[in-house]
Amino acid sequence: MTVVYKAVDPESGNRWCVRIVSIGDQYGLKHCLTYGDAEYDKDKHDDPMIEFYDMDSGVSDILRNSDDKTEAYLGKKYGQFVSRYYWSSLNFDERFGEQKTVTDWSQRGLCLHGGVDGWSVSSEFMVKAMAAINAELAAREMQDA
């Protein structure tokens, strides 16, 4: 479980934590799930999940001050969980009848949760976050080779 990128989004002003979840890593509420344990994600070994956490939300403050040690730790390290995507969904732009291409984040940002104002990240943020994610994944691949 790797925190790859922490930064302030220049458009929303929110501080974000972006994290890679690989096979064997914990995730979910209080990190009670392990990626790869469930039957439906056993074939995802080459497709890590990418999580986005809001480090500035009011809930983050509540979590940081929780009597529950797990909640307090996760609140301090990450913030409030907002959204999770497979890496391939973020990295590749697939259109019907066409080959998939690498997503051009310089042209658009990403809405992480449509129900909360401010829970979106700008194009600039996504370019930098995906560069950090892809660099980390490439480094891991080199280590494994």
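In the predicted model, the charged end of R19 sits over the ring of Y78, with 5.2 Å to the ring centre. A second contact of this kind involves R108 and W105. Here the charged end of R108 lies over the W105 ring, 5.5 Å from its centre.

Y78 also takes part in ring–ring contacts. Ring pairs join Y78, Y53 and F81 into a cluster. Y78 thus appears both in this cluster and beneath the charged end of R19.

Aromatic pairs number six in the model. One of them is formed by Y27 and Y35. Its geometry is edge-to-face, with 6.2 Å from centre to centre and 90° between the planes. Y27 is buried, because its relative accessible area of 6% falls under 20%. Y35 is buried as well, at a relative accessible area of 1%.

Within the cluster, the ring centres of Y53 and F81 are 5.6 Å apart. Their planes meet at 75°, so this pair is edge-to-face; the cut-off is over 60 degrees. The pair links distant parts of the chain. Y53 belongs to strand 5 (residues 49-54), F81 to strand 6 (residues 80-86), and 28 residues separate the two.

The accessibility of the two partners was then compared. Y53 is buried, with a relative accessible area of 5%. F81 is partly exposed, because its relative accessibility of 34% lies between the limits of 20% and 50%. The Y53–F81 contact therefore joins a buried ring residue to a partly exposed one.

Methods. Residues are numbered from 1 along each chain as its sequence is written. This is a predicted model: local features need pLDDT of at least 70, side-chain atom pairs count only at pLDDT 80 or more; totals for chains, interfaces and linings use all residues. Side-chain values use heavy atoms; hydrogens and water are left out. Rings of Phe, Tyr and Trp (its six-membered ring) pair if their centres lie within 6.5 Å; planes under 30 degrees apart count as stacked, over 60 as edge-to-face and the rest as tilted. Buried means under 20% relative accessible area, exposed over 50%, partly exposed in between (1.4 Å probe, protein chains only). Helices (H or I, at least four residues) and strands (E, at least two) are DSSP runs, numbered from the N terminus. A charge sits over a ring if NZ of Lys or CZ of Arg is within 6 Å of the ring centre and within 35 degrees of the ring normal.
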